[in-house]
Amino acid sequence: MATKKTPQPPSREDILAFLAREREAGRVTKIGVREIARAFGLKGEDRLALKRMLSALADEGVLEKRGKRVNQKGALPPVTLVDITARDRDGELIATPVEWDEDELGAAPRILIRAPRRAKAGEPLPGVGDRALVRAEPDRDAAPGGPPYVGRVVKLLSRARHRVLGVLKIEPNGNGRIMPIDKKQAGRELMVAAADIGDGRDGDLVSVDLAGKTRFGATRVRVRETLGSVTSEKAVSLIALRAHDIPDVFRAEAIAESERAKPATLQGREDWRELPLVTIDPPDAKDHDDAVHAAPDTAPDNQDGFVVTVAIADVAHYVKPHAPLDKDALERGNSVYFPDRVVPMLPERISNDLCSLREGEDRPALAVRMRVTGTGRKIGHSFHRVMMRSRAKLSYQQAQAAIDGKPDEKTEPLLESVLKPLYAAHEALQHARNLRAPLDLDLPERRILLKPDGSFDRVIIPPRLGAHRLIEEFMILANVAAAETLEEHRQQLIYRAHDEPSKEKVTALGEFLSTIGVKLAKGQVLKPAHFNVILERVKGLEHENIVNEIILRTQAQAEYTHENYGHFGLNLRRYAHFTSPIRRYADLIVHRALIRALKLGEGALPDMPTSELAEIAARISAAERRAMAAERETVDRLIAHYLADQIGARFGARISGVTKSGLFVRLIETGADGFVPAATLGREYYAYDEASHSLTSRSGVSYRLADIIEVRLVEAAPIAGALRFEVVGGGERCTPPRNGKTSRARAPRAAQRETRKAKSRN
């Protein structure tokens with residue numbers, strides 16, 4: 001009788017080869033310890049040895065881990081968002097990934113784009129300058145030095161721009177010149193003939209089509225659209241919309257569909273209209289997509305506990321899969337918020353009317369009822385499709401004032417029966433939050449206020465109230481319940497995931513902390529609580545701001561994904577966005593998935609392959625980053641416009657970034673970002689020390705990240721949103737490092753990108 005052969009533990013090479021094979025088969029996002037152990041027949045001690053080997057490979061930088069998943073370091077995901085950048089000698093298209101951290105992973109890999117086997121009639125073909133979703137895999141037949149990946153376009157997201165946005169300057173002879181607003185096109189000479197100017201006036205913001213070359217080599221253009229005077233603040237958000245190709249006009253079919261929509265009825269819904277749900281939002285909110293309620297739990301098994309209810313607008317009732325409204329919503333991905341306007345994901349008929357949980361009006365909702373203990377632990381939940389009626393529309397300030405002993409006419413009748421139970425339940429949830437210990441960064445949010453004429457007024461930092469925290473914790477609890485329910489029913493969904501920081505960034509953080517006498521423990525599983533201990537240690541000290549800033553930059557970028565690897569910042573194993581389907585397409589997907597899993601009626605998520613869900617996740621992640629960039633640039637331009645007539649003025653500023661080329665600064669009063677070239681710091685040579693994020697002269701004058709300095713405004717470019725300063729005060733006197741680790745700085749553009757990315761974490 002033959003003896004059964006004992007499986008041999010795999011070598012490092014065996015594991016890497018296995019991952020490569022699985023990646024080529026498109027299964028890489030599902031590979032973890034369990035799958036590898038099963039493939040090699042490992043059990044018991046051999047499985048523990050495998051875990052240790054994978055951890056060692058991750059520490060060496062050979063593999064990267066996302067929760068329980070492992071992948072080869074620097075490998076592209078199966079579905080990748082790319083920019084098509086060039087053609088090779090054979091005329092084949094070459095693309096590079098949009099999201100790629102060159103500081104950690106080196107140069108971005110190139111992808112050879114294969115032409116479609118069969119092009120559909122009328123379907124646009126990809127070209128240089130386009131952005132697309134690509135299904136990519138390693139190219140086993142790649143020539144030496146050639147693109148290591150090969151891919152096919154699954155979705156063309158935006159066409160190359162043959163249209164330019166710029167400021168029109170009319171010459172004495174009647175012809176004109178266009179000054180492009182895009183920084184990458186600065187200095188490009190664009191000429192427009194008098195006959196092609198249309199109704200444009202000097203100083204107008206215009207959209208132009210490229211029309212060819214003049215005989216002197218300049219590019220000739222034709223004005224297609226006049227957007228108004230560039231001196232108007234209202235033109236600033238238009239610049240961001242056009243620059244980022246954010247659609248702001250709904251297609252006629254979508255508008256028609258929204259106008260045909262009829263209010264939902266009680267049929268097929270539970271009647272919750274007597275439950276005193278309330279909305280708590282900013283005072284100027286126009287759409288209300290969440291309402292809350294809490295009451296003591298009367299069940300004998302949950303003494304001192306609560307029943308917490310969160311009701312969310314039932315957008316899925318009105319926006320059906322693949323209908324015109326749905327197509328427009330997916331293209332936008334989310335609503336975009338500017339100081340002077342909102343570009344909604346859905347038409348106002350849906351977002352501000354039929355789906356807005358208005359006070360005293362019947363509205364359809366998808367609600368979750370959650371039982372929590374007196375210490376905030378969730379012990380059960382259930383989802384319901386209901387008809388509700390909001391008892392009151394409250395602002396954060398109203399709700400907080402009532403709890404603080406200053407109720408008004410609206411909150412007085414609600415104080416004992418509605419508001420106090422809400423705050424009591426929140427106190428319990430706060431206890432559970434403290435035990436969970438999510439990342440606790442102190443990052444105040446600035447808000448721009450405009451005057452009635454739309455011009456810049458001032459920047460404020462709204463106070464962080466208990467009412468804000470209450471709604472935040474209720475929404476997090478509901479989002480967790482949604483993810484848990486869908487996993488329990490084995491229903492595919494889109495998660496909101498946030499990876500743990502990379503080894504390289506944690507190492508860099510440790511090097512910095514050592515310069516201020518703080519140690520970051522090594523060789524342990526990193527958790528948000530480890531960062532919180534550091535933040536608490538420096539609270540109130542001179543290093544508080546810089547430590548907050550660098551820990552923020554250490555974090556990974558949150559994203560939407562069809563594969564779950566947890567949410568590091570919130571310290572949650574599973575998390576999905578459920579609470580804002582009016583303004584986020586990801587939440588609409590989760591609503592549809594719940595309707596399907598729980599058999600709650602029409603509007604369910606249709607059958608779709610996993611690859612399609614992955615494509616949707618990639619698209620809405622890209623749309624989210626597009627919106628954040630547009631919002632950020634609009635604020636930069638508004639403040640630059642405001643400061644343009646204050647050349648020579650002095651301001652207090654905090655250093656927000658340090659490179660060999662100079663200092664990035666943020667004005668304390670307005671939050672405006674600008675740059676101080678190193679050449680203007682003085683006649684001395686300044687050495688850049690990467691570990692301490694500082695520039696230090698030979699005589700010992702040092703400028704370090706988060707230092708407070710005084711600067712003078714030298715130049716303002718409102719169209720580009722750029723400000724240039726010089727230092728007139730500040731800078732510490734210290735002993736110059738003799739053997740400090742001084743390294744070549746990243747280019748200013750990379751540092752600027754890093755600073756801006758940091759603002760959008762989580």
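Q: In which loop, between which two helices, is Asp245 found?
A: In this predicted model, local features need pLDDT of at least 70 and side-chain atom pairs count only at pLDDT 80 or more, whereas totals for chains, interfaces and linings use all residues. Residues are numbered from 1 along each chain as its sequence is written, and side-chain values use heavy atoms, with hydrogens and water left out. Helices (DSSP runs of H or I, at least four residues) and strands (E, at least two) are numbered from the N terminus. On that numbering, Asp245 lies in the loop between helix H5 (234-243) and helix H6 (252-260).

Q: Is Asp245 buried, partly exposed or exposed?
A: Phi of Asp245 is near 55°, a positive value in a residue other than glycine. Buried means under 20% relative accessible area and exposed over 50%, with partly exposed in between (1.4 Å probe, protein chains only). Because its relative accessibility is 36%, Asp245 counts as partly exposed.

Q: What relative accessibility does Lys599 have?
A: Lys599 is placed in the loop between helix H15 (585-597) and helix H16 (610-643), and its phi is near 55°, a positive value in a residue other than glycine. Most residues other than glycine have a negative phi. Lys599 counts as exposed because its relative accessibility is 73%.

Q: How are H9 and H10 oriented to each other?
A: Helix H9 (residues 396-403) and helix H10 (residues 415-436) pack with their axes 10 Å apart and at an angle of about 100°, where axes are lines fitted to C-alpha atoms, for helices over the stretch in contact, and angles run from 0 to 180 degrees between N-to-C directions. Angles under 35 degrees count as roughly parallel, over 145 as roughly antiparallel, 65 to 115 as roughly perpendicular and the rest as oblique. H9 and H10 are therefore roughly perpendicular.

Q: Which residue in S21 stands opposite Ile280?
A: Strand S14 (residues 278-281) is covered on both faces, with Val278 and Ile280 buried on one side and Thr279 and Asp281 buried on the other. S14 pairs with strand S21 (residues 392-395) in the parallel sense over four bridges, pairing being assigned if DSSP finds at least two bridges between two strands. Opposite Ile280 in S21 stands Leu394.

Q: Which residue just after H7 takes a positive phi, and of about what value?
A: Within helix H7 (residues 324-332), the buried residues include Leu325, Asp328 and Arg332. Among the elements that cover the buried residues of H7 are H6, H15 and H16. Just after H7 comes Gly333, with a positive phi of about 80°.

Conventions:
Contact means heavy atoms within 4.5 Å.
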